[in-house]
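I opened my notebook to look around a structure that is new to me. Here is what I looked up, entry by entry, in case you would like to follow along.

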Amino acid sequence: MADRDRIPVCAANWKMHKTIHETRDFFNEFLPEIDGITGCEIIIAPPFTALKDACGAVAQAGSAVSIAGQNMHYAEQGAYTGEISPVMLKEAGARYVILGHSERRHIFKEDDSLIARKVRSALDYGMHPVLCIGETLEEREGELTTRILEAQLGGALDNVPPQQIITMILAYEPVWAIGTGKTATPEQAQEAHRFVRNWIESRYDSGIADQIRILYGGSVKLGNIASLMVLPDVDGVLVGGASLEAASFSAIVKGCVQ
Ligand code: PEP
């Protein structure tokens, strides 16, 4: 693992997977597996319907695992059929919320200004956004990666002051690597993470850039965790498919601290 002061984060995004029953089964198997593991912050984002049970399972086991929402509306309440508010997420026990995930950007057409409102709102309600950014394959091939990252960071963090950016987590997730089995090479990942950290330094300052945690996401599995965690600017991972099985995700968590 790279020599860094930042505590690594191992985060799971379950997307639209797992019923309440399956969530309980996962935690029954997962929590004993990671019992006693220190030096890594673990975050799990179940679907909304399973949030309360996930928080209950973690609390009952006295575990330090944090629970996250996968998305939220920016409003506290209102006529927004099908949406969920920051207050509701918090009440259910979520500490973090994933915002700007590429599936929200590309399937549900969320743009940077909407994501910025959500980031602002999550912070206002005392939650920690996990802000996802990343380029498509076409953008990478067109050598637009840094321009895209810059636009996504600038857009989403428009109203975020220094004392709040450090409470957030950033996740670089190249869209072409999500759920495809293709992982960015260590060089590609390090280059993008370094760019993001430099951007934070120029927008805020070097102290904040040194503190903020930047996760890599995109087909992370046990087989590639070591090659990612060794990179100096990769502070952990955001895992989709490989987080659905307790055995697989607990092995990745262990890989994050080795
Ligand atoms: C994700 O959903 O953020 C993700 C990275 O998915 P996967 O690990 O399946 O590529």
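**Entry 1: the cavity.** I started with the largest cavity in this predicted model, and its volume came out at about 30 Å³. I then asked how many cavities of 30 Å³ or more there are. The count gave me one.

Next I wanted to know which residues line the largest cavity. I noted Gly100, Ser102 and Arg105, then Cys132, Ile133 and Gly134, and finally Gln152, Glu173 and Ile178. Two elements give two or more residues to this lining: helix H4 (102–106) and strand E5 (128–133). I also sorted the lining by class, and I wrote down three nonpolar, four polar and two charged residues.

**Entry 2: the ligand.** I turned to the ligand and found 14 residues around it. The closest are Lys15, Glu173, Gly179, Ser219 and Gly240. I was pleased to meet Glu173 again, since Glu173 is also in the lining of the largest cavity. By class, the shell around the ligand has four nonpolar, eight polar and two charged residues.

Which side chains place a polar atom by an oxygen atom of the ligand? I looked up three of them. For lysine 15, a side-chain N or O atom is 2.8 Å from a ligand oxygen. For histidine 101, the corresponding distance is 2.9 Å. For asparagine 13, a polar side-chain atom lies 3.2 Å from an oxygen of the ligand. I then checked how much of the ligand is covered: taken alone it exposes 290 Å², and the protein buries 95% of that.

**Entry 3: threonine 81.** I moved on to a loop, the one between strand E3 (66–69) and helix H3 (86–92), where threonine 81 is found. Is threonine 81 buried or exposed? Its relative accessible area is 84%, and exposed means over 50%, so threonine 81 counts as exposed. I also looked up how far threonine 81 is from methionine 127: they are 46 residues apart in sequence and 22 Å apart in space, C-alpha to C-alpha.

**Entry 4: proline 46.** My last stop was the loop between strand E2 (41–45) and helix H2 (51–60), which holds proline 46. Why does proline 46 count as buried? Its relative accessibility is 0%, and buried means under 20%, so proline 46 falls in that class. I closed with its distance to tryptophan 14: proline 46 and tryptophan 14 are 32 residues apart in sequence, yet 5.3 Å apart in space, C-alpha to C-alpha.

Note on methods:
Residues are numbered from 1 along each chain as its sequence is written. This is a predicted model: local features need pLDDT of at least 70, side-chain atom pairs count only at pLDDT 80 or more; totals for chains, interfaces and linings use all residues. Side-chain values use heavy atoms; hydrogens and water are left out. On a 1 Å grid over the protein atoms alone, a cavity is a set of points where a 1.4 Å probe fits but cannot get out, and a pocket is an open set with protein on both sides within 12 Å along at least five of seven lines; lining residues have an atom within 4 Å of a point. Grid points are joined across faces, edges and corners, and a volume is the space filled by probe spheres set on the points. Helices (H or I, at least four residues) and strands (E, at least two) are DSSP runs, numbered from the N terminus. Ala, Val, Leu, Ile, Met, Phe, Trp, Tyr, Cys and Pro count as nonpolar, Asp, Glu, Lys and Arg as charged, and the others, Gly among them, as polar. A residue is near a molecule or strand if one of its heavy atoms lies within 4 Å of it. A polar contact is a pair of N or O atoms within 3.5 Å; within protein, one must be able to donate a hydrogen and the other to accept it, and residues adjacent in sequence count only if both atoms are side-chain atoms. Accessible areas come from the Shrake-Rupley method with a 1.4 Å probe; for residues, only the protein chains shown count as cover. Buried means under 20% relative accessible area, exposed over 50%, partly exposed in between (1.4 Å probe, protein chains only).
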